[in-house]
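Got the viewer open? Set the cartoon on, keep side chains ready to switch on, and follow along stop by stop.

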Amino acid sequence: MLKTRLRIGVLGCGKIAQVRHIPEYAANPSVELVGFYDFVDSRAAEMAQRYGGRAFASAQELLACKDIDAVSICTPNYTHASLAIEALRGGKHVLCEKPMATTPAECELMVREADACGKMLLVAHNQRLWQVHQRARALLEEGVIGKPLSFKACFGHSGPDHWGIEQGTGNWFFDRSKSAFGVMADLGIHKLDLVQYLLGEEMKEVQAVRAVLDKIDAAGKPVRVEDNAVVLCRMASGVIGTVTVSWTYYGEEDNDTVIYGSKGTLEILSAQDLVRVRRQDGEVCEYRLPPKTTSGVIDDFVNAVLRGAPSAITVKAVLPAMRALFAAVEAADTGKKICL
């Protein structure tokens, strides 16, 4: 008999959990929030008081709880693989924040463990679920701009020192031992994944630069993770393009993508929920989509687990983005072109 209610535990109660995972679980009638853990005890206690359930003293205590069917992993990057694997082996379904892990070996192991355990493992690549991106993909498949030739994709904002639950560069995003990467894994992973999703093909070659241009630590020295990066990509079909990501866009966030084709241009204006097609003959068509009210990730996860609904954010679907990320980091650090 299929379950009608999913009992959830949340590992990590920082900003992403507080503004997306937890309130979206609470709004889903098929979910019961059972437990919370955070390395700052008061955060877990506050979430339990606000949403019900209880605070656990450790991640392992939460993962051992038989009253929990599935977990969200919203902890620092370096813990993702170990917690996901422990949860899977304990019989729990897993929704993991991006990046899924910090090494290629960890990513491949997570895929194998999900298969071996027969449990769902989804990764929170929310941009695949935005209607503006789904519509853009459909239009590209219809051939509205002919054959895709090149692209430019950008994602930039003021950084986790402004957005995170802990203000300033003292938070874990800037601690290389916990994050492993900077903006490449925070924002770059989204765009490396989105380009492959939109074009329906994988990246085969990358060159890249990454740099610290502005962020400084408490001692006034540059942080140890990149705050800006640019990746030059070649797709399997030969399409070329750039992915630019930044934590130093101190004005309005930029999260737009443009695909240039043999018969026109397709622009994705994410902030406006708008896809604009400019044809070679001068005709302009606009497709305005409903505004985003949730990330879409939580409902997708719940529907996949409870109802067997297909998901666009399975671990296997987003694995090529991680391979592209690791290749881009290697390219930036070596100054070489890296073939995937």
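What follows is a short walk through a predicted model, one selection at a time.

**Stop 1: helix α10**

Select residues 297-307, which make up helix α10. Eight of its 11 residues are buried, so the helix is mostly covered. Show side chains for Val 297, Ile 298, Asp 300, Phe 301, Val 302, Ala 304, Val 305 and Leu 306, and you have the buried set. Now ask what covers these buried residues. Among the elements doing that are the strands β1 (6-11), β2 (31-37), β4 (70-73), β5 (93-96) and β6 (121-123), along with helix α1 (15-27). Before moving on, click Gly 308, just after α10: its phi is positive, about 70°.

**Stop 2: Asp 193**

Jump to helix α9, residues 183-199, and pick out Asp 193. Is Asp 193 buried or exposed? Its relative accessible area is 2%, so it falls under the 20% cut-off and counts as buried. Bring up the side chain of Arg 128 as well, since a polar contact of 2.7 Å joins it to the side chain of Asp 193. To see the surroundings, add His 125, Ala 317, Val 318 and Ala 321; together with Arg 128, these are what Asp 193 touches once residues up to four places away in sequence are set aside.

**Stop 3: salt bridges**

The count for this model is 21 salt bridges. Try these.

- Select Arg 7 and Asp 69, whose side chains meet in a salt bridge at 2.9 Å, N to O. This pair links distant parts of the chain: Arg 7 belongs to strand β1, while Asp 69 is in the loop between α3 (59-63) and β4, 62 residues apart. Arg 7 is partly exposed at 24% relative accessible area, whereas Asp 69 is buried at 11%.
- Next take Arg 43 and Asp 38, where the closest N and O atoms of the salt bridge are 3.4 Å apart. Arg 43 is buried, with a relative accessible area of 13%, and Asp 38 is buried too, at 3%.
- Then go to Lys 292 and Asp 273, a salt bridge of 2.8 Å, N to O. Lys 292 sits in the loop between β14 (284-288) and α10, and Asp 273 in the loop between β12 (264-269) and β13 (274-279), so the bridge ties together parts that are 19 residues apart in sequence. Lys 292 is partly exposed at 34% relative accessible area.
- Finally, show Glu 267, Arg 276, Arg 278 and Glu 286 at once: salt bridges link them in a network.

**Stop 4: backbone oddities**

Stay on Asp 273 for a moment and look at its backbone. Its phi is near 50°, a positive value in a residue other than glycine. Asp 273 is also buried, with a relative accessible area of 8%.

Ala 180 is another one to click, with a positive phi near 75° in a residue other than glycine. You'll find Ala 180 in the loop between α8 (176-179) and α9, and at 23% relative accessibility it counts as partly exposed.

Last selection: Lys 98 and Pro 99. What kind of peptide bond joins Lys 98 and Pro 99? The bond is cis, with omega about -10°. Pro 99 lies in the loop between β5 and α5 (104-117).

Note on methods:
Residues are numbered from 1 along each chain as its sequence is written. This is a predicted model: local features need pLDDT of at least 70, side-chain atom pairs count only at pLDDT 80 or more; totals for chains, interfaces and linings use all residues. Side-chain values use heavy atoms; hydrogens and water are left out. Buried means under 20% relative accessible area, exposed over 50%, partly exposed in between (1.4 Å probe, protein chains only). Helices (H or I, at least four residues) and strands (E, at least two) are DSSP runs, numbered from the N terminus. Contact means heavy atoms within 4.5 Å. A polar contact is a pair of N or O atoms within 3.5 Å; within protein, one must be able to donate a hydrogen and the other to accept it, and residues adjacent in sequence count only if both atoms are side-chain atoms. A salt bridge is a side-chain nitrogen of Lys or Arg within 4 Å of a carboxyl oxygen of Asp or Glu.
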